[in-house]
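Reader: I would like to talk through this model with you and ask how its labels are earned. Could you show me the structure to start?

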Amino acid sequence: MDILSRMMIGQLPLRNSLDRHKNIFIQRCKPIVEERILQRKELVYATNNSTAKLLTSVFFDYGGRPELWKELYEEQLKIHNESNGNLSIDYVNKMVKLDCYIKESFRHSIDIATMPHMLIADSYTFNNGTTIPRGRDIYLYIKDTNFNNKFYGETSDDFQPKRHMTSYSDGKIVHSPTTKLDDSFMVFGGGKHACPGRFYAVNAIKIFLHESFLRYNIRTESGKIEPPKIISCYSTSSESGLVFENRNL
Ligand code: HEM
């Protein structure tokens with residue numbers, strides 16, 4: 001059984017090491033962050049470290065792929081017109097193409113699950129002889145899952161938002177939402193400690209993109225797909241520019 005499966009079924013005596021990282025975050029930010037925000041420190045940490053980072057990657061993935069722009073814009077325009085500009089959660093749930101696009105962008109953007117885990121037993125030895133000492137942070141390397149042909153077929157390396165939806169001849173579209181926990185999509189972890197903020201995070205990103213697509217034509221400064229910046233096994237979005245041009249609604 002691999003490490004992922006053991007974590008999921010709780011066989012590995014790990015706990016989320018959010019507390020340790022939270023304390024580092026608080027020490028660094030104490031002088032500048034208001035008391036009111038500190039009381040919500042977990043939310044600030046979660047939002048900074050994952051949602052904002054991923055939103056940036058989602059913009060870069062969009063800006064370098066002109067072939068996606070028309071269809072995604074038209075879905076948002078249709079929803080804008082139907083809702084008269086008053087988005088309710090029912091309208092956010094109708095953003096199916098956008099959701100599939102976000103899921104594909106997440107699949108390509110995340111190499112390691114953003115929340116490390118810490119071993120709380122004295123030590124743990126895997127079948128291959130690797131021993132982890134107490135207190136060691138463990139990160140889930142999920143690129144193996146994200147680009148696994150077993151889950152995504154021969155085209156697993158390609159950026160294809162439509163891989164997450166099935167269209168039927170009567171026009172009905174069924175899709176696998178970004179928030180769905182699955183062995184093939186571990187971006188939000190899994191099991192009882194899977195990210196509880198995922199619905200909030202994905203809806204916030206959808207609403208942000210909805211408003212942005214309606215207002216702006218967005219492209220990378222180079223006009224090309226900008227590869228992510230890789231720091232060791234950690235990838236983050238490119239540091240190059242994004243261009244937002246006003247769109248006439
Ligand atoms: C796109 C954005 C986000 C990503 C990719 C993400 C990812 C993750 C991952 C991988 C975990 C670890 C799951 C596991 O241990 O199996 C986690 C846990 C957690 N996340 Fe998120 N997260 C995101 C946004 C948020 C937001 C916005 C919040 C709060 C509003 C949040 C709150 C939490 C909390 C409280 C936990 C710990 C759950 C537990 O240990 O039981 N996350 N998240």
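Author: Here is a set of questions and answers on the helices and a few single residues of this model, which is predicted.

Reader: Good to know. What does the secondary structure come to, and what share of the residues counts as buried?

Author: The protein has ten helices and eleven strands. Of its 249 residues, 23% count as buried. As for contacts with a separation of 6 or more, 67% are between residues 24 or more positions apart.

Reader: Let's take a pair of helices. Why are α5 and α10 called roughly perpendicular?

Author: The axes of α5 (residues 69–83) and α10 (residues 198–215) cross at roughly 100°. Angles of 65 to 115 degrees count as roughly perpendicular, and the pair therefore gets that name. The two axes come within 9 Å of each other.

Reader: Which residues make that contact?

Author: From α5 there are Leu 72, Tyr 73, Gln 76, Leu 77 and His 80, and from α10 there are His 210, Phe 213 and Leu 214. By type, five of the contact residues are nonpolar, three are polar and none is charged.

Reader: And what makes α5 and α7 oblique?

Author: Their axes are 8 Å apart and the packing angle is about 135°. Roughly perpendicular ends at 115 degrees and roughly antiparallel needs over 145, so α5 and α7 are oblique to each other. On the α5 side the contact uses Glu 71, Leu 72, Glu 75 and Gln 76, and on the α7 side Lys 97, Leu 98 and Tyr 101. Those residues divide into three nonpolar, one polar and three charged.

Reader: How do you know that the span of α5 is close to the expected one?

Author: α5 has 15 residues, and from first C-alpha to last it reaches 21 Å, against the 21 Å expected at 1.5 Å a residue. Likewise α7 (residues 96–109), with 14 residues, reaches 20 Å where 20 Å is expected.

Reader: What makes α7 largely enclosed by the rest of the structure?

Author: Twelve of its 14 residues are buried, so the description fits. Among them are Leu 98, Tyr 101, Ile 102 and Phe 106, and also Lys 97, Asp 99, Lys 103, Glu 104 and Arg 107.

Reader: What is notable about the phi of Asn 84, and is the residue buried or exposed?

Author: The phi of Asn 84 is positive, about 55°, although this residue is not a glycine. Asn 84 follows α5 and lies in the loop between α5 and α6 (89–93). Exposed means 12 or fewer other C-beta atoms within 10 Å; Asn 84 has 7, so it is exposed.

Reader: Why is Ala 52 called exposed?

Author: Ala 52 has 12 other C-beta atoms within 10 Å. The cut-off is 12 or fewer, so Ala 52 counts as exposed. Ala 52 lies in helix α4 (residues 41–63). Between Ala 52 and Ala 201 there are 9.2 Å in space, C-alpha to C-alpha, and they are 149 residues apart in sequence.

Reader: One last residue: why does Cys 195 count as partly exposed?

Author: Buried takes 20 or more neighbours, and exposed takes 12 or fewer. Cys 195 has 19 C-beta neighbours inside 10 Å, so it counts as partly exposed. Cys 195 is found in the loop between β7 (173–175) and α10. Leaving aside neighbours within four places in sequence, Cys 195 is in contact with Phe 188 and Gly 189. The unreviewed UniProt entry carries the annotation "binding site" at Cys 195.

Conventions: Residues are numbered from 1 along each chain as its sequence is written. This is a predicted model: local features need pLDDT of at least 70, side-chain atom pairs count only at pLDDT 80 or more; totals for chains, interfaces and linings use all residues. Axes are lines fitted to C-alpha atoms, for helices over the stretch in contact, and angles run from 0 to 180 degrees between N-to-C directions. Helices (H or I, at least four residues) and strands (E, at least two) are DSSP runs, numbered from the N terminus. Angles under 35 degrees count as roughly parallel, over 145 as roughly antiparallel, 65 to 115 as roughly perpendicular and the rest as oblique. Two residues are in contact if their C-beta atoms, placed from the backbone, lie within 7 Å. Ala, Val, Leu, Ile, Met, Phe, Trp, Tyr, Cys and Pro count as nonpolar, Asp, Glu, Lys and Arg as charged, and the others, Gly among them, as polar. The expected span of a helix is 1.5 Å times one less than its number of residues. UniProt positions are given in the numbering used here, feature names are shortened, and annotations may be inferred rather than shown by experiment.
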